[in-house]
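Colleague: Could you take me through the aromatic pairs in this model, one at a time? I would like a close look at how the rings sit against each other and where they lie in the fold.

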Amino acid sequence: MALIGVLALQGAFREHAAALSRLGAAVREVRQRKHLDGIDGLVLPGGESTVMGKLLTDLHMLEPVRNRIAAGMPVYGSCAGLILLCEQIEDSTQPRIGLLQATVRRNAFGRQVDSFETDLAVKGLTAPLRAVFIRAPLITAVGPDVEVLARVDMAAHGGEGERIVAVRQDNILATSFHPELTPDTRLHALFLGMQA
């Protein structure tokens, strides 16, 4: 059975841990560098990406996390976790892991009051997934190794066209939305399927 670490410095880590537990995974909350030892995968939850990046730096965890992911450990980042994973963050120099070949725009849909839910077609899932967007980021560009898994229609949000909200690059899975806030565990199951 895979042992999955959930970064528990800030944000919606309890909800991710609960979703993974429902699927039968062993879960460990990661609060210190030593908690990275022995984990088979890592979830970076939603929350405040600037706070998480600062805490990862202050606790001397940023480089060890980056090194583990670079070495092939599967990682899933939702919302703030997605931001931390991206190489480029528009208009920001905040600390990041930076291994996902993508550019992200924080709070792309507006403020908290602009949060919304929608049904998304996600590549690899047979039926639409209910996606919860809370002060969500958007991926504005991806590199050649990034597979786009889902897009959202921007017409309902004052924009045009479709924008990227879920991607995979080798051992990295990332979404703009929060699957941990719904009963649907299919995205977490997809992540668990990435374990060697």
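Modeller: Let me start with F116, which has a relative accessible area of 14%; the cut-off for buried is under 20%, so F116 counts as buried. Please keep in mind that this is a predicted model. F133 is buried too, with a relative accessibility of 1%.

Now for the pairs themselves. A pair of aromatic rings is described by the distance of the centres and the angle of the planes. Three aromatic pairs are counted here. In one of them, the rings of Y76 and F191 have centres 6.1 Å apart and planes at 40°. Planes under 30 degrees apart would be stacked and those over 60 edge-to-face, so this pair is called tilted. Y76 belongs to strand β4 (residues 75-78) and F191 to helix α5 (residues 186-192). With their positions 115 residues apart, the two rings link distant parts of the chain. Y76 and F191 are both buried.

The rings of F116 and F133 give another picture: their centres are 4.6 Å apart and their planes meet at 5°. That angle is under 30 degrees, so the pair is stacked. F116 sits in strand β7 (residues 116-120), while F133 is in strand β8 (residues 129-133), so this pair ties together parts that are 17 residues apart in sequence. F116 and F133 also belong to one aromatic cluster, together with F177.

It may help to set these rings in the protein as a whole. The protein has five helices and twelve strands, among them the strands β4, β7 and β8 and the helix α5. Buried residues make up 51% of the 196 residues. Of the contacts with a separation of 6 or more, 63% are between residues 24 or more positions apart.

As for overall dimensions, the radius of gyration is 15 Å, which agrees with the value near 16 Å for a compact globule of 196 residues. Along the principal axes, the C-alpha atoms fill a box of roughly 45 × 35 × 35 Å.

On the outside, the accessible surface comes to about 8600 Å², and carbon and sulfur atoms hold 48% of that area. Last, the charges: there are 20 positive and 21 negative ones, and their mean positions are 5 Å apart.

Definitions and conventions:
Residues are numbered from 1 along each chain as its sequence is written. This is a predicted model: local features need pLDDT of at least 70, side-chain atom pairs count only at pLDDT 80 or more; totals for chains, interfaces and linings use all residues. Side-chain values use heavy atoms; hydrogens and water are left out. Rings of Phe, Tyr and Trp (its six-membered ring) pair if their centres lie within 6.5 Å; planes under 30 degrees apart count as stacked, over 60 as edge-to-face and the rest as tilted. Helices (H or I, at least four residues) and strands (E, at least two) are DSSP runs, numbered from the N terminus. Buried means under 20% relative accessible area, exposed over 50%, partly exposed in between (1.4 Å probe, protein chains only). The radius of gyration is taken over C-alpha atoms; the globule rule is 2.2 Å times the number of residues to the power 0.38. Contact means heavy atoms within 4.5 Å. Accessible areas come from the Shrake-Rupley method with a 1.4 Å probe; for residues, only the protein chains shown count as cover. Lys and Arg count as positive and Asp and Glu as negative; His and the chain ends are not counted. The place of a charge is taken as NZ of Lys, CZ of Arg, CG of Asp or CD of Glu.
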